[in-house]
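Reader: Here is a structure I would like to understand at close range. Please pick one part, take me through it, and then place it in the whole chain.

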Amino acid sequence: MEKKLETRSLWEKIFAGIMITAVLCMAGILAVCVLKGGAYRITYLDGNVVSLQDGWSLVTKEGSEDFSFPNDYACDYGQDIILEKNLESMKDVGNILKLQFLHLKVKVYADEDLIYTFGEGDLPFSGTPARTVHFVKLPQNYDGMRLRLVLTPSLKGREIYRMSTPVLGNTFSLLGEMLHNEAFALGGAVVLIFLGFCIIFFSFFVHRLKFAGQILYLGTFALLAGVFSFCETELALLLVRNSYLVHTGDAVALQLICLPFFGLLSINCPSYWPKAVKLGAILMAGNFAVQNVLNFIGKDYRYYVLGSHLLIVYCVLLIAAILILAVKRKDKQVVYYILTFVPIALCAVPELINFYWLGFPLQGFFFEIGIFLFVLLQIGGISIQIVGNYQQATRSQMFQEMAFTDYMTKLRNRTAYQQRLDSLSAVRSSRKICCAMADVNHLKQVNDTLGHEKGDALILETAQALEKVFGSIGEVYRIGGDEFAVILENVTLAEMERLEQEFKAEVRRRNELCSFPVEAAFGYAIAEPEHENLEHTFVRADNAMYEDKKKYYNSRGRQR
């Protein structure tokens with residue numbers, strides 16, 4: 001017991017150390033980004049890519065005015081946004097123009113020629129373009145060309161439309177710029193999706209274990225987080241032609257991302273705010289249903305993103321409340337478990353602040369850092385449970401083996417023998433069951449003349465002989481001091497006669513090698529199916545064994 005307690009205490013210390021390290025790392029990252037944020041506003045534009053941020057004109061009925069990217073521009077439905085810019089020839093820069101807009105249909109003119117269009121016909125699933133990335137091929141010689149963008153709003157009413165900075169270059173340099181900008185987000189998304197599928201598959205593999213539900217919820221969360229991160233990248237918009245599908249995947253993953261949390265809390269913290277946990281799960285499912293119904297009747301997801309964010313805040317507050325209550329109750333197990341949620345809860349706060357107020361280009365940095373810490377800590381906690389369950393199962397198996405194993409001979413003991421008889425008697429079938437008995441000869445003589453140590457050796461030699469002959473085809477038991485029993489199934493009388501001769505030959509061989517006489521009496525009986533109680537069969541086998549013993553002693557002219 002003391003050893004078990006010491007092991008548990010060690011695991012608690014290790015886990016606490018991991019948690020403290022994770023929290024300190026998270027705090028350090030936050031501090032660096034807050035204090036030195038400006039130094040980390042890195043742009044990955046190389047010499048072959050040019051940002052077309054300034055020098056644009058916004059053409060309206062009243063005239064034109066200066067316009068710069070990026071820009072969140074408010075516009076009424078039915079009113080086009082017309083932007084113009086004179087291009088200059090740039091050495092070693094390609095003629096591919098990359099554009100990115102949100103809920104805007106696009107037409108691109110080179111002087112007066114229409115060279116690119118994107119609208120309802122390019123959207124097989126929905127007539128509403130969400131966030132879209134466009135690669136537009138300009139004329140090879142665009143020096144002095146008047147570039148005109150006609151952007152048509154797709155949402156009814158007056159809305160704010162997000163427009164990212166146009167970039168000019170060749171195809172490879174533009175793709176390289178996208179990959180550079182989103183390397184962390186894209187790599188993390190791919191890893192999370194793969195990890196999520198692996199964890200979910202593993203949960204089905206161990207579905208009978210009590211922690212399978214935890215593994216399933218964890219895998220579902222990793223998968224949802226990976227899908228959300230991937231749909232936030234520009235590369236997703238290039239790989240999936242219909243941008244609305246990417247927009248849908250983004251929104252749905254965000255709507256459901258906290259649902260696995262409530263499942264994990266219900267399993268691991270059942271006595272901590274159970275009604276609040278259940279309410280959170282209901283609200284999350286309701287939010288998902290309502291948003292998707294409204295979306296399919298024409299309302300865009302972004303009208304209701306605040307609802308998804310409020311539910312994330314609700315989840316963060318619930319985790320904090322459970323942690324406070326667990327600390328008050330001095331429930332270390334729950335405290336350690338809830339601390340695994342701390343990294344992702346801390347990461348959710350800067351992401352939400354950035355979304356609503358700052359606009360800092362985080363690219364999901366905090367979000368993915370928090371997710372990886374959470375998933376790794378959860379995997380560590382589940383691994384500890386698996387190790388603990390394995391150790392417990394091993395101890396249980398060891399105790400069971402001790403309960404049903406004879407200490408000296410390592411054969412099954414009388415308890416195991418009686419249990420086997422009961423099970424065979426309860427389920428009798430067409431199988432023929434053979435019962436055999438063996439008894440050591442000369443045991444009293446060996447004990448009296450050579451000592452009990454030699455007597456024990458004599459019992460062990462007999463046990464080994466029985467196990468060698470019958471162990472691979474039946475079950476051998478030590479049921480008394482020098483008495484043994486054998487149970488075999490589906491053997492014929494001829495086979496038993498042969499096995500008896502093999503056993504006696506093995507005994508004679510051991511007799512020649514030992515300094516004390518090794519002899520044993522043997523008898524058997526075969527029970528006819530459904531016609532005889534097995535206890536009676538063993539009585540017949542025991543009688544046959546004593547007949548064999550009597551013959552042995554009579555042949556030597558002495559009594560037992």
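**A close look**

Author: Asn490 counts as partly exposed, at 49% relative accessibility. Buried means under 20% relative accessible area, exposed over 50%, and partly exposed in between (1.4 Å probe, protein chains only). This is a predicted model, in which local features need pLDDT of at least 70 and side-chain atom pairs count only at pLDDT 80 or more, while totals for chains, interfaces and linings use all residues. Residues are numbered from 1 along each chain as its sequence is written, and side-chain values use heavy atoms, with hydrogens and water left out.

Asn490 sits in the loop between β15 (483-489) and α16. Helices (H or I, at least four residues) and strands (E, at least two) are DSSP runs, numbered from the N terminus. Asn490 is not a glycine, yet its phi is positive, about 55°. Most residues other than glycine have a negative phi, and most peptide bonds are trans.

After that loop comes α16 (residues 493-513), whose axis comes within 9 Å of that of α15 (residues 452-470). The two axes cross at roughly 140°. Axes are lines fitted to C-alpha atoms, for helices over the stretch in contact, and angles run from 0 to 180 degrees between N-to-C directions. Under 35 degrees counts as roughly parallel, over 145 as roughly antiparallel, 65 to 115 as roughly perpendicular, and the rest as oblique. α15 and α16 are therefore oblique to each other. The crossing is right-handed, meaning that the near helix is turned clockwise from the far one by less than a right angle.

Contact here means heavy atoms within 4.5 Å. On the α15 side, the residues that meet α16 include Glu461, Ala465, Leu466, Val469 and Phe470. On the α16 side, they include Met496, Leu499, Phe503, Glu506 and Arg510.

A second positive phi belongs to His442, at about 70°, and this residue is not a glycine either. His442 lies in the loop between β13 (433-441) and α14 (443-450). His442 is buried, with a relative accessible area of 9%.

There is also a cis peptide bond, from Phe69 to Pro70, with omega near -10°. Pro70 belongs to the loop between β3 (63-67) and β4 (71-76).

Now the whole chain. The secondary structure comes to 17 helices and 16 strands. Of the 560 residues, 44% count as buried. Among contacts between residues at least 6 apart in sequence, 76% join residues at least 24 apart.
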